[in-house]
Amino acid sequence: KRETLLAASQIGFFLIVGYACQTTGLLYTTPSKSAFITGLSVVLVPLLGAALYGKKINRWTGLGGLVASLGLYFLTIPAGPFRVNRGDLWTLAGACAFAGHIVLVERYSPKMPTAWLTLGQIVTGALLASVMVPATSLLGLEAPRLRPGHDFLLALAITGILGTALAFSVQVWAQQFTSATHTAIIFSLEPVFAGITSYIFYGERLGGRATIGATLILAGILLAELKGPAPAAVESPAPIQPEERNP
């Protein structure tokens with residue numbers, strides 16, 4: 001139905017904006033830093049819910065946001081003169097988009113078919129990404145190129161199948177049974193897994209200042225989500241029955 005198409009298009013728009021900003025940011029920052037900054041979307045979720053839908057947030061959510069913001073400062077801005085890494089700024093923009101994505105999935109997933117929402121957001125993202133290729137070329141930002149090979153196919157399988165099709169199918173289905181804030185706390189594990197993966201594959205280690213920043217971000221995320229939201233039983237919507245969905 002038109003309502004499902006519109007919902008999937010909105011979700012897909014925030015998805016591709018998040019991917020575009022995060023991927024651009026990774027050209028100029030490290031995987032573990034990118035993951036911790038992206039983790040700020042967990043704190044942004046209840047703030048966006050309050051701004052868009054009037055959901056209440058308490059002092060713990062605000063305090064968690066302040067702690068995470070302080071951690072972001074230590075993680076992204078090196079000691080000495082005030083400088084901001086452009087990769088970190090791109091990644092922060094992506095975190096805002098991913099927060100909007102989670103909020104919209106919470107809004108629509110209990111009311112509409114999981115398969116259509118998942119397919120619709122991926123198709124929307126693919127169409128917008130296809131538009132970006134000639135657009136970035138015309139603007140002189142990046143020349144389009146295709147280099148098929150083992151690395152290309154592996155990256156395509158991991159990001160396209162596991163990281164997109166499977167991951168977001170599970171997310172859309174699961175958010176029928178829980179809220180955006182409880183989804184976000186699970187997503188707070190992403191920086192942990194990214195840090196471990198980056199260490200295994202790249203031998204990346206965070207310095208002392210960056211470690212303090214990453215710890216503060218994780219602490220802020222957990223503080224906002226463990227203390228801030230109401231219990232899951234109160235906040236989680238009842239899943240809609242198949243026969244009640246829009247066909």
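The chain of this predicted model holds 11 helices and zero strands. Read from the N terminus, its elements run α-α-α-α-α-α-α-α-α-α-α. Of the 247 residues, 38% count as buried. Contacts between residues with a separation of 6 or more are dominated by distant partners, since 89% of them join residues 24 or more positions apart. The accessible surface amounts to about 13,800 Å², and carbon and sulfur atoms contribute 71% of that area.

Two helix pairs serve to illustrate the packing. Two packed helices are described by the angle between their axes and the distance between the axes. For helix α3, residues 41-53, and helix α5, residues 86-108, the angle is about 60° and the axes lie 8 Å apart. An angle of 65 to 115 degrees would count as roughly perpendicular and one under 35 degrees as roughly parallel, so α3 and α5 are oblique to each other. Their crossing is right-handed. On the α3 side, the contact is made by Ser41, Leu44, Val45, Leu48, Gly49 and Tyr53. Helix α5 answers with Ala95, Cys96, Phe98, Ala99, Gly100, Ile102, Val103, Leu104 and Arg107. Sorted by class, the contact of α3 with α5 comprises 11 nonpolar, three polar and one charged residues.

The second pair joins helix α6, residues 114-138, to helix α7, residues 150-174. Here the packing angle is about 140°, with a distance of 9 Å between the axes. Only angles over 145 degrees count as roughly antiparallel, and α6 and α7 are therefore oblique to each other. The crossing of α6 and α7 is right-handed. Helix α6 brings Thr114, Leu117, Thr118, Gln121 and Ile122 to the contact, while α7 supplies Thr164, Ala165, Phe168, Ser169, Val172 and Trp173. This contact of α6 with α7 divides into six nonpolar and five polar residues, with no charged ones.

Individual residues add some local detail. Within helix α3 sits Ala50. With a relative accessibility of 24%, Ala50 counts as partly exposed, because the cut-off for a buried residue is under 20%. Leaving aside residues up to four places away in sequence, Ala50 touches Lys55 and Ile57.

Ser34 belongs to helix α2, which covers residues 31-38. Its relative accessible area is 2%, so Ser34 is buried. When residues up to four places away in sequence are not counted, the partners that Ser34 touches are Gln22, Leu26, Thr29 and Thr91.

Further along the chain, Thr197 is found in helix α9, residues 190-202. This threonine, Thr197, counts as partly exposed at 39% relative accessibility. Although 165 residues separate Thr197 from Ser32 in sequence, the two are 8.5 Å apart in space, C-alpha to C-alpha.

Taken together, the chain has helices and zero strands, and both helix pairs described here are oblique, α3 with α5 and α6 with α7. The three residues picked out above fall on either side of the burial cut-off: Ser34 is buried, whereas Ala50 and Thr197 are partly exposed.

Notes
Residues numbered from 1 in each chain as written. Predicted model: local features only at pLDDT ≥ 70, side-chain atom pairs only at ≥ 80, totals over all residues. Heavy atoms only, no water. Helix = DSSP H or I, 4+ residues; strand = E, 2+ residues; numbered from the N terminus. Buried < 20%, exposed > 50% of the residue type's maximum accessible area, 1.4 Å probe, protein only. Contact = heavy atoms within 4.5 Å. Areas by Shrake-Rupley, 256 points an atom, 1.4 Å probe, with all protein chains shown as cover. Axes fitted to C-alpha atoms, helices over the stretch in contact; angles between N-to-C directions. Left-handed = near helix turned anticlockwise from the far one by under 90°. Nonpolar A, V, L, I, M, F, W, Y, C, P; charged D, E, K, R; others polar.
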